[in-house]
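Visitor: Got a minute? I'd like to walk through this one with you.
Guide: Sure. Let's put it on screen.

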Amino acid sequence: LSPITLMATVGILFVVLTFIWRSRKKTNAPGPIFWPIIGNGISVLRNRPRILQYIHYDMIPRYGRTFCMWTGLMEPPYIMT
């Protein structure tokens, strides 16, 4: 792979991912900050052993009883308790 091909591939990938990122539906629901492509996957994986406690004791006091968590490129699920 030549350096020019690699740079072109990275550039095209960046443009496509930026387009996908900007074309996502926006939500007015509160929720944690999410990352492109992976959404809130890092915080969910980090708290996986205690996910229900994480939602109940960390997320609800911070964002209220209805909030949004992004899961990658899919539509965000609204968590209502």
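Visitor: What percentage of the residues in the protein chain is buried?
Guide: Buried residues come to 21% of the 81 in the chain. Keep in mind that this is a predicted model.

Visitor: Noted. How many helices and strands does the chain have?
Guide: Three helices and two strands. From the N terminus the order is α-α-α-β-β.

Visitor: And the surface? How much of it belongs to carbon and sulfur?
Guide: Carbon and sulfur atoms hold 70% of the accessible surface. The total for the chain is about 6400 Å².

Visitor: Which residues form a nonpolar patch out there?
Guide: Leu13, Leu17, Trp35, Ile37, Ile38 and Ile42 form one. Together they have about 540 Å² of accessible area.

Visitor: Take Leu17. Where is it found?
Guide: In helix H1, which covers residues 3-22.

Visitor: Why does Leu17 count as partly exposed?
Guide: Because its relative accessibility is 32%, and partly exposed runs between the 20% and 50% cut-offs.

Visitor: What about Ile38, where does that sit?
Guide: Ile38 is in the loop between H1 and H2. Its relative accessibility is 41%, so Ile38 is partly exposed too.

Visitor: How far is Ile38 from Thr71 in space?
Guide: The C-alpha atoms are 6.3 Å apart. In sequence, Ile38 and Thr71 are 33 residues apart.

Visitor: How much of the contact count comes from residues that far along the chain, say 24 or more positions?
Guide: 50%, taking contacts with a separation of 6 or more.

Visitor: Trp70 next. Where does it lie, and is it buried or exposed?
Guide: Trp70 is in the loop between strand E1 (66-68) and strand E2 (78-80). Trp70 is buried, because its relative accessible area is 7% and the cut-off is 20%.

Visitor: What separates its C-alpha from that of Trp35?
Guide: 8.5 Å, with the two positions 35 residues apart along the chain. Trp35 is one of the patch residues we listed.

Visitor: Switching topic. How many aromatic pairs turn up in the whole structure?
Guide: One. Tyr63 and Phe67 make a tilted pair, 6.4 Å centre to centre with 40° between the planes.

Visitor: Is Phe67 buried or exposed?
Guide: Buried, with a relative accessible area of 0%.

Visitor: Now helix H3. Which residues are buried there?
Guide: Tyr54, Ile55, Met59 and Ile60. H3 spans residues 51-63.

Visitor: What does Gly64 do just after H3?
Guide: Gly64 takes a positive phi of about 95°.

Visitor: OK, charges. How many salt bridges does the structure hold?
Guide: One. Arg50 pairs with Asp58, and the closest N and O atoms are 2.9 Å apart.

Visitor: Why can side chains like that pair?
Guide: Because side chains of opposite charge can do so when their charged atoms come close.

Visitor: And how accessible are Arg50 and Asp58?
Guide: Arg50 is partly exposed at 34% relative accessibility. Asp58 is partly exposed as well, with a relative accessible area of 25%.

Visitor: Last stop, Asn47. Where is it found?
Guide: In the loop between helix H2 (41-46) and H3. Asn47 has a relative accessible area of 10%, so it counts as buried.

Visitor: What does the Asn47 side chain reach?
Guide: The backbone oxygen of Ser43, at 2.9 Å.

Visitor: Tell me about Ser43, then. Where is its place, and is it buried or exposed?
Guide: Ser43 is in helix H2. Ser43 is buried, with a relative accessible area of 11%.

Visitor: Leaving aside neighbours within four places in sequence, which residues is Ser43 in contact with?
Guide: Tyr54 and Met69. Tyr54 is among the buried residues of H3.

Visitor: Good, that ties the loop to its surroundings for me. Thanks.

Definitions and conventions: Residues are numbered from 1 along each chain as its sequence is written. This is a predicted model: local features need pLDDT of at least 70, side-chain atom pairs count only at pLDDT 80 or more; totals for chains, interfaces and linings use all residues. Side-chain values use heavy atoms; hydrogens and water are left out. Helices (H or I, at least four residues) and strands (E, at least two) are DSSP runs, numbered from the N terminus. Buried means under 20% relative accessible area, exposed over 50%, partly exposed in between (1.4 Å probe, protein chains only). Contact means heavy atoms within 4.5 Å. Accessible areas come from the Shrake-Rupley method with a 1.4 Å probe; for residues, only the protein chains shown count as cover. A polar contact is a pair of N or O atoms within 3.5 Å; within protein, one must be able to donate a hydrogen and the other to accept it, and residues adjacent in sequence count only if both atoms are side-chain atoms. Rings of Phe, Tyr and Trp (its six-membered ring) pair if their centres lie within 6.5 Å; planes under 30 degrees apart count as stacked, over 60 as edge-to-face and the rest as tilted. Patches are made of residues with over 30% relative accessible area and no salt bridge: like charges are joined within 9 Å, nonpolar side chains (Val, Leu, Ile, Met, Phe, Trp, Tyr) within 5 Å. A salt bridge is a side-chain nitrogen of Lys or Arg within 4 Å of a carboxyl oxygen of Asp or Glu.
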